[in-house]
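Colleague: Could you take me through one helix of this model at close range, together with whatever packs against it? I would love a connected account rather than a list.

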Amino acid sequence: MRKFVALVLAAGALALPAAAPATAGTLGTFLFGRPLEPGLLVIVMRPSYHDDQDRIPLIYRYPSAETVARAQDEIASNAALREALERRNIHPQNVVAVQTAANGGKIIYAR
């Protein structure tokens, strides 16, 4: 009986590395969930008295009228961005900037 249990455990240990690459994507999704929209990050800026606001660049914390106008134009011309904002209950007029990330995704700064 001991030999049988040892054989089953050894077979399981040998099969585990072969199964790990096949389940890597599903395991990550299981542990961390699936993003609402891949390639889209929405940063909601709070009032300036919060400590974590230091990580947001000043040009987005205090945007110029030109930056806001460009963001509004991009939201108006891109239906996927509008739908993503609707799913997150963010009104398009609260978007102050849209930045294109290095990987081609979009970063949306909203109030």
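Modeller: Happily; here is a walk along one helix and then out to the strands beside it.

This is a predicted model, in which local features need pLDDT of at least 70 and side-chain atom pairs count only at pLDDT 80 or more, while totals for chains, interfaces and linings use all residues. Residues are numbered from 1 along each chain as its sequence is written, and side-chain values use heavy atoms, with hydrogens and water left out.

Let us settle on helix H3, residues 65-77. Helices here are DSSP runs of H or I with at least four residues, strands are runs of E with at least two, and both are numbered from the N terminus. The 13 residues of H3 should span 18 Å at 1.5 Å a residue, and its end C-alpha atoms are indeed 18 Å apart; the expected span is 1.5 Å times one less than the number of residues.

Now for its two sides. Thr67, Ala71 and Ile75 are buried in H3 (buried means under 20% relative accessible area, exposed over 50%, partly exposed in between, with a 1.4 Å probe and protein chains only). These three cover an arc of only 70 degrees around the axis, so they sit on the same side of H3; the arc is taken from the directions from the helix axis to the C-beta atoms. The other side of H3 carries the exposed residues Ala65, Glu66, Arg70, Asp73, Ala76 and Ser77.

What lies over the buried side? The cover includes helix H4 (79-87), S2 and S3. Thr67 is a good example: its relative accessible area is 15%, and, leaving aside neighbours within four places in sequence, Thr67 is in contact with Val96 and Ala97 (contact means heavy atoms within 4.5 Å).

The charged residues come next. A salt bridge is a side-chain nitrogen of Lys or Arg within 4 Å of a carboxyl oxygen of Asp or Glu, and the count by this rule is two. One joins Arg70 to Glu66, with the closest N and O atoms 3.7 Å apart. Arg70 and Glu66 are four residues apart in H3, so about one helical turn separates them. Glu66 is exposed, at 55% relative accessible area. Glu74 forms a salt bridge with Lys106, and there the closest N and O atoms are 2.7 Å apart. Because Glu74 lies in H3 and Lys106 in S3, this pair ties together parts that are 32 residues apart in sequence. Glu74 itself is partly exposed, at 22%.

That brings us to S3. Five of the five residues of S3 are buried, so the strand is largely enclosed by the rest of the structure. Lys106, Ile108 and Ala110 point one way from S3, and Ile107 and Tyr109 the other way. S3 (residues 106-110) pairs with S2 (residues 95-100) in the antiparallel sense over five bridges, where pairing requires at least two DSSP bridges between the strands. Gln99 has Ile107 as its bridge partner in S3. S3 also pairs with S1 (residues 40-44), in the parallel sense and over five bridges, with Ile43 standing opposite Tyr109.
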